[in-house]
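Morning, everyone. I have one structure to walk through today, so please get the sequence and the model up on your screens.

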Amino acid sequence: MKKIRYAIIGAGTMGLEHIQNISLIKNAEVVAISDTHNKSIIKIKKKIKKKIIFFKNYKDLIKKNIVDVYIISTPNFTHLRILIDLLKTKKHILVEKPLTINTKECFKLKKITKNYPSIIWTAMEYRYMPPVSKFIKKIHNKRIGKLKMLSIREHRFPFLKKVKNWNRFSKNTGGTFVEKCCHFFDLMRLIVQSEPISVYASGKQDVNHIYERYRGKRPDIIDNGFVIVNFKNGARCMLDLCMFAENSDMQEELSAVGDKGKIETSVPSSQSGKKSSYIRIGIRKKK
């Protein structure tokens with residue numbers, strides 16, 4: 001079997017993570033990288049020893065036609081433009097979350113990709129984290145009976161610095177509930193196996209980035225909130241988000257309650273130093 005050749009468009013933090021992950025896969029290799037930011041390219045070159053072709057403009061990469069798969073890990077607001085150009089290649093595409101920054105762009109992509117001959121995949125990594133994956137499997141296997149309630153709590157550190165501080169403004173990211181929390185709304189739909197019928201949300205920017213200024217403008221991304229989602233099959237889900245709680249041992253905690261019992265799991269914080277997560281199941285006593 002020949003090696004699958006990957007190209008990374010966007011050589012920042014997530015681009016580097018994709019490169020490292022692909023290096024672990026047999027019969028897969030990154031052969032090309034495109035990025036407009038010199039510092040990102042220099043950082044990648046220091047970490048990657050093998051020969052890779054670099055491009056300043058992703059359109060030049062496309063013209064070369066040297067890869068089987070494209071990975072987009074650029075700022076959120078650039079995804080649609082790059083995707084439209086990549087569709088002409090008819091190659092497989094993996095795009096970092098969120099797919100786009102608003103529903104209008106999503107509907108446009110849905111329309112123009114209707115008969116696309118290859119895979120277009122949005123990277124939703126939380127589905128595949130070992131404790132979360134085990135959590136989902138046990139719920140779907142009815143270990144706690146029929147699911148009634150799902151709660152996801154993320155208490156973490158503020159948004160990291162990005163190139164040109166693009167992630168400080170909702171117009172670039174889609175807003176915090178899109179940029180960060182799309183992971184959790186995706187998990188809700190995956191776990192509940194139904195579609196939402198109503199959403200209640202409250203959020204605010206209370207602590208983070210308030211005193212920062214970029215070209216005279218103050219960041220407008222919220223840093224905490226609650227969201228309640230009601231699903232068609234009767235299940236209810238809640239998200240509890242706080243992005244000024246970096247002292248938490250567990251960055252994410254998930255709890256699901258069914259008519260037979262409860263299951264809990266967690267994802268450790270990268271800043272707390274705690275390494276292990278947990279899975280706990282409690283079954284109700286039969287009356």
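Start with the open sheet. This is a predicted model, and six strands make up that sheet. Their order is 3-2-1-4-5-6, with parallel pairing. Which strands sit at the edges? Strand 3, residues 53–55, and strand 6, residues 120–123. Each of those two pairs on one side only. From one strand to the next, the twist averages 25°.

Now zoom in on one pair. Strand 1 covers residues 4–9, and strand 2 covers residues 28–34. They run parallel, and six bridges join them. Find Ile4: opposite it, in strand 2, stands Ala28.

Next, helix 4, residues 79–86. How many of its eight residues are buried? Six, so the helix is mostly covered. The buried ones are His79, Leu80, Ile82, Leu83, Asp85 and Leu86. What do they pack against? Three strands are on the list: strand 1, strand 4 (69–72) and strand 5 (92–96). Helix 3 (58–64) and helix 5 (103–112) are on it too.

Last stop, Gln205. Look in the loop between strand 8 (196–204) and strand 9 (224–231). Is Gln205 buried or exposed? Its relative accessible area is 13%, and the cut-off for buried is under 20%, so Gln205 counts as buried. Its side chain has polar company. A polar atom there lies 3.0 Å from the backbone oxygen of Asn208. The side chain of Gln205 also makes a polar contact with the side chain of Arg218, at 3.4 Å. Beyond its neighbours within four places in sequence, Gln205 is in contact with residues including Ile210, Pro219 and Ile222.

Terms used
Residues numbered from 1 in each chain as written. Predicted model: local features only at pLDDT ≥ 70, side-chain atom pairs only at ≥ 80, totals over all residues. Heavy atoms only, no water. Pairing = 2+ DSSP bridges. Helix = DSSP H or I, 4+ residues; strand = E, 2+ residues; numbered from the N terminus. Axes fitted to C-alpha atoms, helices over the stretch in contact; angles between N-to-C directions. Buried < 20%, exposed > 50% of the residue type's maximum accessible area, 1.4 Å probe, protein only. Contact = heavy atoms within 4.5 Å. Polar contact = N/O pair within 3.5 Å; in protein donor to acceptor, adjacent residues only side chain to side chain.
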